[in-house]
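Here's a quick briefing to read with the model open beside you. Keep the viewer handy, since the points below go from contacts and folds down to single residues.

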Amino acid sequence: MAFLSYLINGISLGAVYAIIALGYTMVYGIAKMLNFAHGDVIMVGCYTVFSVVSMMHLPVWLGILLSIVVCTVLGVTIEAVAYRPLRQASSSLTVLITAIGVSYLLQNLALLIFGANTKAFTSVVPIKAVKIGDKLTITGETIVTVLACIIIMIVLTLFVNRTKAGRAMLAVSEDKGAAQLMGINVNRTISLTFAIGSALAAVAGVLLCSAYPSLTPYTGSMPGIKAFVAAVFGGIGSIPGAFIGGIILGIIENLSKAYISSQLADAIVFMVLIIVLMVKPTGILGKKIQEKV
Amino acid sequence: MAMLEVKNLHVKYGVIEAIKGIDFTVNKGEVIALIGANGAGKTTILHTVSGLITPSEGTITFEGKDITRTPGHKIVSMGMAHVPEGRRVFQSLSVLDNLKMGAFTRKDKREIADTLDMVYTRFPRLAERKNQPAGTLSGGEQQMLAMGRALMSHPSIILMDEPSMGLSPIFVNEIFDIIKEESKRGTTVLLVEQNARKALSIADRAYVLETGRIALSGDAKTLLNNDEVKKAYLGE
């Protein structure tokens, strides 16, 4: 029974990683850049909910809605101001370093506004825990998180494959120049990707802080990096890959904490990444396209 | 009136001037060839016309409208299609999805379906392989796909960049036959080619480029017999 409970908690944590990883993987797939500020967008989302719900005492739904709006606008703004001007830059390293800069900028702005003290985040999930048998309890947060993750996955897959904007994303992810020759507005497509990724970051942030209710300016940083690992693990650029990578990572982390050592859990997670990359460098679902010239 | 008119075009990559002031016109229904050695600036000209690069000087007029600073994605719906160098088909997408991508700017589903039928009739091989990923096609088939994809936008002019590059002689002939047919159907063609003999044999007029400038221009048949052209580009 204990094992099952650890497993379920792992899946729940993994679902959060998966939602964050979707943002990483979509941005990488389309803009071919690693947005290291992605984790900090999560933190901004959490502070938005905290401000609206805990400080202003406004309804939870409004807090979540505002958090999604703030993160979406933030993500699109970061892309337009910091990344877009560098898109023609000779080295992709330039954008990467800029992303790290944006990450520190957001952390330090939060530090300035909210201070370094840990804020107690109140869970926004209204569902009560479900008891199965005597020992197994599934929290409301777990149920909502896993459901949210599955719904997001399905909607995103449908969006990418069935809508015009989604098709544009596929084209841009393969070849920006050719996509433009099809009449696709590349800049707008990239903006849309950042908007979706950042909105997902807001959702992930709310779920993460509801399950682990302590909020600091660095709250988003570690989950952000782990989600990046999850995205690479599943095959970066792949939507189902992000999902699978996230869930597996969450399970490995939680089981390591339970059975091996809670201090070593992170080290184990990163070690598994290294092993997977050595065996299958493109990740679990990473595509390797045969090219003919 | 000229369909496409380029005046005093200058293009810079950083400090290097790749195109140093060229003028040319393409009239409705013509096949125009731009020929010249590697690095003469042929591809740069096509990229500038279709809006992938912004020129530093000069004007480009397409069907009476100034498109010099119009972004590339808007030019497609004005009736210009561009078959890029090296095909650039979407490798992981199926042949059908590639063709659909070509009709991205069009809205009427019936019309798109009609154009798709037309493309399949013209390229039966694409119909046979419609569900296959484009990356698994041979070079010649990919060239056909790139041309079919361009036709899907229902263009009035097609820009073609090195369609014969890397193809076997049989495919080269086939591709040039297709271009000729397309022209007979009323499509205007601006063709960039290193295979000068082939290009001149199907073109109405041609411009010979040398390091960013037009060195010679005129009737394609006349150029084919021009001594300078023969020596420099036809290997005679």
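In chain B, take the contacts between residues at least 6 apart in sequence: 66% of them join residues at least 24 apart. Do the same count for chain A and the share is 75%. Bear in mind that this is a predicted model.

**Chain B overall**

- Chain B has 10 helices and 10 strands.
- Its C-alpha atoms fit in a box of roughly 45 × 40 × 35 Å along the principal axes.
- A compact globule of 236 residues would have a radius of gyration near 18 Å, and chain B, at 17 Å, agrees with that.
- Buried residues account for 44% of the 236 in chain B.

**Chain A overall**

- Chain A is built with 11 helices and four strands.
- Chain A is as compact as a globular protein of its length, because its radius of gyration of 19 Å is close to the 19 Å that the globule rule gives for 293 residues.
- The C-alpha trace of chain A spans about 60 × 45 × 35 Å along its principal axes.
- In chain A, 49% of the 293 residues are buried.

**Where the chains meet**

- On the chain B side, 24 residues are in contact with 19 residues of chain A.
- Which elements of chain B give two or more residues to the side that touches chain A? They are helix H2 (72-75) and helix H3 (95-102).
- Sorted by class, the side of chain B that touches chain A has 15 polar residues, eight nonpolar ones and one charged one.

**The antiparallel sheet in chain B**

- Four strands of chain B form an open sheet in the order S2-S1-S4-S5, with antiparallel pairing.
- Strand S2 (16-27) and strand S5 (65-66) of chain B are the edges; each has a single partner strand, so one side of each is left without a neighbour in the sheet.
- S1(B) and S2(B) run antiparallel and are joined by nine bridges.
- The hairpin of S1(B) and S2(B) has two residues between the strands, and in this hairpin B:Gly14 takes a positive phi near 65°.
- Strand S1 (residues 2-13) of chain B also pairs with strand S4 (residues 57-62), again antiparallel, through five bridges.
- B:Val6 is a handy residue to click on: it stands opposite B:Phe24 in S2(B) and opposite B:Ile60 in S4(B).
- Helix H1 (residues 42-49) of chain B lies across S1, S2 and S4, running at about 115° to S1(B).

**The parallel strands around S7(B)**

- How many residues of strand S7 (residues 157-161) of chain B are buried? Five of its five residues are, so to speak, under cover.
- Both faces of S7(B) are covered, with B:Ile157, B:Leu159 and B:Asp161 buried on one side and B:Ile158 and B:Met160 buried on the other.
- Strand S6 (residues 80-83) of chain B runs parallel to S7(B), and four bridges join the two.
- Across that pairing, B:Ala81 stands opposite B:Ile158.
- Strand S8 (residues 188-193) of chain B also pairs with S7(B) in the parallel sense, over five bridges.
- Here B:Leu159 is set opposite B:Leu190 in S8(B).
- S7(B), helix H7 (residues 169-184) and S8(B) together make a right-handed β-α-β unit.

**A close-up on B:Ala40**

- Look for B:Ala40 in the loop between strand S3 (31-36) and H1 of chain B.
- Is B:Ala40 buried or exposed? B:Ala40 counts as buried because 23 other C-beta atoms lie within 10 Å, and the cut-off for buried is 20 or more.
- Leaving aside residues up to four places away in sequence, B:Ala40 touches B:Leu209, B:Glu210 and B:Thr211.
- B:Ala40 and B:Glu210 are 170 residues apart along the chain, yet their C-alpha atoms are separated by 5.1 Å.

Key. Residues numbered from 1 in each chain as written. Chains lettered and ligands numbered in written order. Predicted model: local features only at pLDDT ≥ 70, side-chain atom pairs only at ≥ 80, totals over all residues. Contact = placed C-beta atoms within 7 Å. Nonpolar A, V, L, I, M, F, W, Y, C, P; charged D, E, K, R; others polar. Rg over C-alpha atoms; globule rule 2.2 N^0.38 Å. Buried ≥ 20, exposed ≤ 12 C-beta atoms within 10 Å, placed from the backbone. Pairing = 2+ DSSP bridges. Right-handed = clockwise from strand over helix to strand, strands pointing away. Axes fitted to C-alpha atoms, helices over the stretch in contact; angles between N-to-C directions.
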